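Colleague: I'd like a close look at one part of this model, the charged side chains that pair up, and then whatever sits around them. Could you walk me through it?

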Amino acid sequence: MSRRPVAAAPGGGDEPVKRIFWGLVGLGMGAAIGVGAMRWASRTADRLAPQSLAGELLQTAADWRTRLAGALEEGQTAMAEREAELRAQLAEPGSGAG
């Protein structure tokens, strides 16, 4: 029985190098994704901490109060202008009043 020589794999037998390369690429990507996930989780935990939520609630209430005060002031100004217009119309001779 004669033995035939085994043909070399295409590419010159660099299969172990490819495995090491792609293993390191996978390891690097896994580490990068893991670090990103940990940073995201840490930021989310800080944002949802009771102190952060309380501060955000106070800021929202202060903003709402400022907007409400501005709206009331605008309403009072508009009412005063309209009252002045109505009083001027009533005071005019021949306007049908009085």
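Modeller: Sure, and keep in mind that this is a predicted model. Let me start just beside the charged pairs, with I20: at 56% relative accessibility, I20 counts as exposed, since the cut-off for that label is over 50%. I20 sits in helix α1. Together with L24 and L27, I20 makes a nonpolar surface patch of about 340 Å². So that's a greasy bit of surface to have in view while we go through the charges.

Now the pairs you asked about. There are three salt bridges in the structure. As a general point, side chains of opposite charge can pair when their charged atoms come close.

Take R19 and E15. Their closest N and O atoms are 3.8 Å apart, and the two form a salt bridge; the cut-off is within 4 Å, so 3.8 Å counts. Helix α1 runs over residues 15-47, and R19 and E15 are four residues apart in it, which means that about one helical turn separates them. How open are these two to the outside? R19 has 63% relative accessibility and counts as exposed, while E15, at 44%, counts as partly exposed.

Over in helix α2, look at E85 and R82. Their side chains meet in a salt bridge with an N to O distance of 3.1 Å. The spacing here is three residues, about one turn of helix α2, which covers residues 50-91. Both ends of this bridge get the middle label: E85 is partly exposed at 44% relative accessibility, and R82 is partly exposed with a relative accessible area of 42%.

Helix α2 also holds E83 and R87. Their side chains meet in a salt bridge too, at 3.0 Å from N to O. E83 and R87 are four residues apart, so about one helical turn lies between them. E83 counts as partly exposed at 41% relative accessibility, whereas R87 is exposed, with a relative accessible area of 57%.

Back in helix α1, there's an aromatic pairing to look at. The count comes to one aromatic pair. That pair is F21 with W22, edge-to-face, with 4.9 Å centre to centre and 75 degrees between the planes; planes over 60 degrees apart get the edge-to-face label, so 75 degrees qualifies. F21 is partly exposed at 45% relative accessibility, and W22 is exposed with a relative accessible area of 57%.

For contrast, go to T44, which is found in helix α1. Is T44 buried or exposed? T44 is buried, with a relative accessible area of 17%, because the cut-off for buried is under 20%. A polar atom of the T44 side chain lies 2.9 Å from the backbone oxygen of W40.

Stepping back to the whole protein, you have two helices and zero strands. Buried residues make up 2% of the 98 residues, so T44 belongs to that 2%. The protein exposes about 9,100 Å², and carbon and sulfur atoms supply 64% of that area.

So, to come back to your request: the salt bridges are R19 with E15, E85 with R82, and E83 with R87. If you're turning the model on your screen, try R19 and E15 in helix α1, then I20, also in helix α1, and then go across to helix α2 for E83 and R87.

Methods
Residues numbered from 1 in each chain as written. Predicted model: local features only at pLDDT ≥ 70, side-chain atom pairs only at ≥ 80, totals over all residues. Heavy atoms only, no water. Buried < 20%, exposed > 50% of the residue type's maximum accessible area, 1.4 Å probe, protein only. Patch = residues over 30% accessible without salt bridge, like charges linked within 9 Å, V, L, I, M, F, W, Y side chains within 5 Å. Areas by Shrake-Rupley, 256 points an atom, 1.4 Å probe, with all protein chains shown as cover. Polar contact = N/O pair within 3.5 Å; in protein donor to acceptor, adjacent residues only side chain to side chain. Phe/Tyr/Trp six-rings, centres within 6.5 Å; stacked < 30°, edge-to-face > 60°.
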